[in-house]
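Good morning, and thank you for making time on the agenda. I would like to take you through one structure, beginning with its charged pairs and ending with a helix packing.

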Amino acid sequence: MKPPVIFINFKAYKSATGENALKMARKFEKIARKFRISVVLCVQNVDLYRVSQAVAIPVFAQHADNIEYGAHTGYVLPEALKQNGAYGTLLNHAEHQISDESLKSSIERAKQAGLFTLVCANTPGKAGKILKYNPDFVAVEPPELIGGDISVSKAKPEVIKKAVKIAGQKKLIVGAGIKTGEDVKIAVKFGAAGVLVASGVVQAQNPQKALIDLAKGLL
Ligand code: G3P
C-alpha cells in the first residue's frame, strides 16, 4: 500500500457483489498493475475470501467488530476476516458509524488480528480525535458529498487542507464524490496520501475507464 493509494469501496452495490465483485476486482487489479498504482479493494465481508483468492492487490473488509473469539453470533470477528484474506478493514464509515468507545477497541482488536485500519471521519476535527487511537489511515469524507456528483476536491478543498494540517500527509485519505483524475490530482496536491472512492468507479457505466481516469490523476 505505497501512497498514493486509491481505496475503492464496493459498498453493497449490485455491480460489485458476489460474482460481480470478483469480475470487477480482476479488472481493477489489471489496471493497478498496468499503471503501477496502489489500489485497495474494500469488498463486502462475505466476498472477502473469493476476491482475495483471485487477486494479489490488497483487499479490505468494510467493517469489523471489537469482539474476541467466543459467543458473539452475527458479529464480525477480526481474526475471521484475516483468515479469509483481509489485509485490512474500514471502520466507522459514514454508513456504518460506531461510538468513539467502540472505535478505540475496534482499532485495537483489528491490529491484534494483523489488519490494517482505515478509519472514516466526517470532519477534520473528528479525524484528529480518531488519530489518538492510532489507525493506519484516516479518511475524511464530508457526508453531504458522499454519492454525489461534486467531489470534496472541488467543493471543499479547504477540508483537505485543514485535514492535512491535523492528520499529516502520511495518514490522510480523502473521499466523497471523487470521480475524475482531476479530483485525485487536487487531493494529492493538497497533501492527501490517497482517496476513498465508491460510486464514481463502481457505479460508473464503464468502471475500468473510470479507474483509469483516476489513475491518470496520479501520473
Ligand atoms: O467509501 C467511499 C465513500 O463513502 C464515498 O462514496 O460514492 O461518493 O465515492 P462516493
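Please look first at D100, which counts as partly exposed because its relative accessibility is 29%. Please bear in mind throughout that we are looking at a predicted model.

What does D100 pair with? K126 forms a salt bridge with D100, and their closest N and O atoms are 2.6 Å apart. K126 belongs to helix 5 and D100 to helix 4, so this pair ties together parts that are 26 residues apart in sequence. K126 is likewise described as partly exposed, because its relative accessible area is 25%.

Some salt bridges also share partners, and in this way E19, D47 and R50 are joined into one network. Within that network, R50 bonds to D47 through a salt bridge whose closest N and O atoms are 3.6 Å apart. Is D47 buried or exposed? D47 counts as buried, since its relative accessibility is 3%. R50, by contrast, is partly exposed, with a relative accessible area of 38%.

How many salt bridges are there in total? The count comes to 10. One of them joins E95 and K11, with 2.8 Å between the closest N and O atoms. These two residues link distant parts of the chain, being 84 residues apart. E95 sits in the loop between strand 4 (88-91) and helix 4 (100-112), while K11 sits in the loop between strand 1 (5-9) and helix 1 (19-35). The two ends of this bridge fall into separate accessibility classes: E95, at 52% relative accessibility, counts as exposed, whereas K11, at 11%, counts as buried.

Let me now return to helix 5, this time for its packing. Helix 5, residues 124-131, packs with helix 7, residues 157-167, at an angle of about 20°, and their axes are 9 Å apart. Because angles under 35 degrees count as roughly parallel, helix 5 is roughly parallel to helix 7. The crossing of the two helices is right-handed.

Which residues make this contact? From helix 5 they are P124, G125, G128 and L131, and from helix 7 they are V159, K162, A163, I166 and A167. Sorted by class, the contact of helix 5 with helix 7 has six nonpolar, two polar and one charged residues.

To close, helix 5 carries K126, the partner of D100 in helix 4, and helix 5 also packs with helix 7. Thank you for your attention.

Terms used
Residues numbered from 1 in each chain as written. Predicted model: local features only at pLDDT ≥ 70, side-chain atom pairs only at ≥ 80, totals over all residues. Heavy atoms only, no water. Axes fitted to C-alpha atoms, helices over the stretch in contact; angles between N-to-C directions. Helix = DSSP H or I, 4+ residues; strand = E, 2+ residues; numbered from the N terminus. Parallel < 35°, antiparallel > 145°, perpendicular 65-115°, else oblique. Left-handed = near helix turned anticlockwise from the far one by under 90°. Contact = heavy atoms within 4.5 Å. Nonpolar A, V, L, I, M, F, W, Y, C, P; charged D, E, K, R; others polar. Salt bridge = Lys/Arg side-chain N within 4 Å of Asp/Glu carboxyl O. Buried < 20%, exposed > 50% of the residue type's maximum accessible area, 1.4 Å probe, protein only.
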